[in-house]
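Hi,

Here is the structure I promised to pass on. Have a look at it first, and then read my notes below.

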Amino acid sequence: MIYRLTKADKNIMGHLTLDGSKSISNRVLMIRAFSNKNFTIDHLSTSKDTTTLKELLSQSADTYDAGAAGTTFRFMTAYLALQPGTQILTGSERMKQRPIGVLVEALNQLGANITYLEKSGYPPLSIGEGQLGSLKELTISAGISSQFISALLLLAPTLKNGLVMHLKGDMVSRSYIQMTLRIMEHFGVNHQWEDQTITILPQVYQAEDFRVEADWSAASYYYAMAAFADNLDLTLDGLYEERLQGDAIITEMMGQFGIDTEFTAEGIHLTKGKTSSTDTFQWNFVNCPDIAQTLAVICGGRGVAGHFTGLRTLKIKETDRVMALSKELAKVKVNFEEIPSQQGVSCKVEGKAVVDQPIFDTYEDHRMAMAFAPLSMFGAVEIREPMVVVKSYVAFYEDLKKLGFEIESLSGHFE
């Protein structure tokens, strides 16, 4: 399937209510499952990843299929390690290429009984009944996916001895670890974090109703539209100044591109700022890797030279996002390439986008589709396999239409 996206003007004027954050929703669902207590979760994400996790947590079959949902797979690995009996946890073909060994090794050290069914270090997994909690202390690399660390933290208070976790090396996605711990605090679980060590004593999650804030990652795509707009007056409900998500740093980033963010009681209001925008943009994305694609496209669309550092985890996401960005930005005459760096993976962006009816591939990656969609403000673009967006943002194309984008399915109908 291919969607063709066009826009008759470069005005972004409207009012949208964004879906709940997938990252927050998934953590709260796990806490509800670990607590064995029912409480209300308001504004839960409607994303495929979250609905998949919710379904898996309520099923009783012996085989659990997480599909392409990385967070779901990692959180379910920790959850199933605590359950009686033996279960199989599997996923999509891409999921079988995404490493899980660091988490499995850590859980097995804690007394889990997890083995690999195919390639060592990768899904699918056989998760048998173990003796979790037999070890209290472990060391894990801080330079891996923060989802591994969050999975262990969410499990930690349920272990008979709790958990002392030593994080080794430079930390990536620290903001997601902080998010996990802050959400756990809402449910009565305390922690100590000193230097590179997090300590969680045995505790009981308390049942507390919870409202999920809107998704700042989703908001980033509207900031891209704002950056490309001639006229801007956009309100996005559900985003607040006191927030849990590291991707909220987008407000600071986009100030450099001349976009002002005003916080209101309901959300945010975007307008063009009075200050001049930048010709160069430098940022370390170590704590906000999920918005790196959006910023790469913004730089390309605006003709801003970009220097991105802290991209280490981009190569093990839904796809190799460094490779994908390089190939797709080249279709609009923008260069995105990895450069030598002592700061992990670094890349540069050069050139100004020339939009001549490109057909963008999505690589089974929701963020590729959404990051490149705003380029349709410069001319018609086509997106192959566009419905990959349901992984995190089911109503994405419907919301674009509310802002005046025209979307045509080349299969003959809009789905």
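A residue is called buried here if its relative accessible area is under 20%. Please keep in mind that this is a predicted model.

With that cut-off in hand, start with helix α3, which covers residues 70–80. Of its 11 residues, 11 are buried, so the helix is largely enclosed by the rest of the structure. The buried residues are Gly-70, Thr-71, Thr-72, Phe-73, Arg-74, Phe-75, Met-76, Thr-77, Ala-78, Tyr-79 and Leu-80.

Next, the sheets. Strands of a sheet pair through backbone hydrogen bonds, either parallel or antiparallel.

One open sheet has 4 strands in the order β2-β13-β15-β14, with mixed pairing. Its edges are β2 (11–17) and β14 (259–263), each of which pairs on one side only. Ignoring direction, neighbouring strands here are turned by 15° against each other on average. Helix α7 (residues 216–228) packs on this sheet and touches β2, β13, β14 and β15 (267–272). The direction of α7 makes about 20° with that of β15. If you want to look at one pairing in detail, try β2 with β13 (residues 231–237): they pair in the parallel sense over 7 bridges. Leu-16 stands opposite Leu-236 of β13 there.

Another open sheet, also mixed in its pairing, is built from 4 strands in the order β8-β9-β11-β10. The edge strands are β8 (137–141) and β10 (192–194), and each of them pairs on one side only. From one strand to the next, the twist averages 20°. β10 and β11 (residues 197–200) run antiparallel and are joined by 3 bridges, and Trp-193 stands opposite Ile-198 in β11. Lying across β8, β9 (163–168) and β11 you'll find helix α5 (residues 146–155), which runs at about 165° to β9.

While you're at that sheet, click on Thr-139, which lies in strand β8. Apart from neighbours within four places in sequence, Thr-139 is in contact with His-166 and Lys-168. Thr-139 and Gly-169 are 30 residues apart in sequence, and their C-alpha atoms are 10 Å apart in space.

Then there is the area around β21 (381–384). Strand β1 (residues 2–7) pairs with β21 in the antiparallel sense over 4 bridges, with Leu-5 opposite Val-381 in β21. Strand β20 (residues 359–360) also pairs with β21, but these two run parallel and are joined by 2 bridges. Phe-360 stands opposite Ile-383 in that strand. Together, β20, α11 and β21 make a right-handed β-α-β unit.

What about the loop between α11 (366–372) and β21? Ser-376 lies in it. Is Ser-376 buried or exposed? Its relative accessible area is 1%, and anything under 20% counts as buried, so Ser-376 is buried. A polar atom of the Ser-376 side chain lies 2.7 Å from the backbone oxygen of Ala-373. Setting aside neighbours within four places in sequence, Ser-376 is in contact with Leu-5, Thr-6, Lys-7, Val-381 and Phe-405. Two of these names, Leu-5 and Val-381, will be familiar from the pairing of β1 with β21.

That's what I have for now. Over to you!

Key: Residues are numbered from 1 along each chain as its sequence is written. This is a predicted model: local features need pLDDT of at least 70, side-chain atom pairs count only at pLDDT 80 or more; totals for chains, interfaces and linings use all residues. Side-chain values use heavy atoms; hydrogens and water are left out. Two strands pair if DSSP finds at least two bridges between them. Axes are lines fitted to C-alpha atoms, for helices over the stretch in contact, and angles run from 0 to 180 degrees between N-to-C directions. Contact means heavy atoms within 4.5 Å. Buried means under 20% relative accessible area, exposed over 50%, partly exposed in between (1.4 Å probe, protein chains only). A polar contact is a pair of N or O atoms within 3.5 Å; within protein, one must be able to donate a hydrogen and the other to accept it, and residues adjacent in sequence count only if both atoms are side-chain atoms. A crossover is right-handed if, with the strands pointing away from the viewer, the path from the first strand over the helix to the second runs clockwise.
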